[in-house]
Amino acid sequence: MADTVEERMKKTVASLKDEFNTIRTGRASASLFDKVRVDYYGEKTPLSQVATISIPEARMVVIQPWDKGLIKEIEKGILSADLGLNPSNDGKVIRIAIPPLTAERRKELCKQAKNIAENSRVAIRNIRRDGNDDLKKQQKDGILTEDSLKTAEDALQKSTDSFIQEINKILEAKEKEIMEG
């Protein structure tokens with residue numbers, strides 16, 4: 001039981017990191033395009049599966065489609081992903097200059113990051129609640145003694161606290177990254 005609770009908490013933290021990767025900072029990053037989908041022969045396909053994404057300099061992204069006929073579709077995908085970026089192409093590759101963020105936009109992104117982190121903390125607490133309910137059920141069924149229930153609940157709380165602390169550290173690092181840009 002403790003393993004599944006721990007696994008669920010780890011998945012929550014991994015999901016938080018994935019979500020944070022899609023928040024744009026002032027720097028160019030291939031992970032910005034993780035949610036971009038391109039219409040490829042009628043299928044919505046992730047951009048990374050139809051093109052190579054490279055970062056030649058801090059504020060520049062170059063996307064090289066494997067099929068030159070996809071350039072317009074890739075541009076459409078980037079624009080519809082609402083990243084606030086303007087792609088331009090020369091017929092072979094798509095170049096995207098990453099504009100510096102305004103102070104106001106940085107604050108918005110920090111707020112967005114805080115909301116995502118709070119949702120992750122709530123998810124961790126919900127997992128703890130489910131774990132505690134499971135432990136109480138086991139005690140009621142005679143599987144756990146009163147003492148072992150208390151020990152298990154304490155261990156679950158310690159685990160919860162450490163995951164919430166990890167979420168807070170990840171949020172702090174992301175906020176710093178956004179504000180530096």
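Strand E1 (residues 37–40) pairs with strand E2 in the antiparallel sense over 4 bridges; two strands count as paired if DSSP finds at least two bridges between them. Helices (H or I, at least four residues) and strands (E, at least two) are DSSP runs, numbered from the N terminus. The model is predicted: local features need pLDDT of at least 70 and side-chain atom pairs count only at pLDDT 80 or more, whereas totals for chains, interfaces and linings use all residues. Residues are numbered from 1 along each chain as its sequence is written, and side-chain values use heavy atoms, with hydrogens and water left out.

The pairing of E1 and E2 takes the form of a hairpin with 2 residues between the strands. Within this pair, Asp39 stands opposite Lys44 in E2. Tyr41 lies in the loop between E1 and E2 and has a positive phi of about 50° although it is not a glycine. Most residues other than glycine have a negative phi. Tyr41 counts as exposed, at 69% relative accessibility; here buried means under 20% relative accessible area, exposed over 50%, and partly exposed in between (1.4 Å probe, protein chains only).

Lys44 belongs to strand E2, which covers residues 43–46. Is Lys44 buried or exposed? With a relative accessible area of 59%, Lys44 is exposed. Contact means heavy atoms within 4.5 Å. Not counting residues up to four places away in sequence, Lys44 touches Arg37, Val38 and Asp39. A separation of 22 Å lies between the C-alpha atoms of Lys44 and Arg24, which are 20 residues apart along the chain.

Further along the sequence, strand E3 (residues 51–57) and strand E4 pair in the antiparallel sense over 5 bridges. These two strands also form a hairpin, with 2 residues between them. One position in the pairing can be named: the bridge partner of Thr52 is Gln64 in E4. Strand E4 spans residues 60–65 and is mostly covered, since 5 of its 6 residues are buried. E4 is also joined to strand E6 (residues 94–97) by 4 bridges, and E4 and E6 run antiparallel. In that pairing, Ile63 stands opposite Ile94 in E6. E4 thus has bridges to E3 and to E6.

Both Ile63 and Ile94 reappear in the surroundings of Ile74. Ile74 is found in helix H2 (residues 71–80), and at 0% relative accessibility Ile74 counts as buried. Which residues does Ile74 touch, not counting those up to four places away in sequence? They are Val38, Leu47, Val50, Ala51, Ile63, Pro65 and Ile94. The C-alpha atoms of Ile74 and Arg106, 32 residues apart along the chain, are separated by 27 Å.

The next residues to consider lie in helix H4. This helix covers residues 146–180 and includes Ser159. Ser159 counts as buried because its relative accessible area is 12%. Leaving out residues up to four places away in sequence, Ser159 touches Glu6 and Met9. Glu175 is also found in helix H4, and Glu175 is buried as well, with a relative accessible area of 18%. Apart from its neighbours within four places in sequence, Glu175 is in contact with Cys110 and Lys114.

These elements can now be placed in the whole chain, which has 4 helices and 6 strands. Read along the sequence, they follow the pattern α-β-β-β-β-α-β-β-α-α. The radius of gyration of the chain is 22 Å, whereas a compact globule of 181 residues would have a value near 16 Å; the radius is taken over C-alpha atoms, and the globule rule is 2.2 Å times the number of residues to the power 0.38. Along the principal axes, the C-alpha atoms fill a box of roughly 70 × 40 × 20 Å.

Of the 181 residues, 38% count as buried. Among contacts between residues at least 6 apart in sequence, 62% join residues at least 24 apart. The accessible surface comes to about 10700 Å², of which 49% belongs to carbon and sulfur atoms; accessible areas come from the Shrake-Rupley method with a 1.4 Å probe, and for residues only the protein chains shown count as cover. The chain has 32 positive and 31 negative side chains, and the centres of the two sets lie 4 Å apart. In this count, Lys and Arg are positive and Asp and Glu negative, while His and the chain ends are not counted; the place of a charge is taken as NZ of Lys, CZ of Arg, CG of Asp or CD of Glu.
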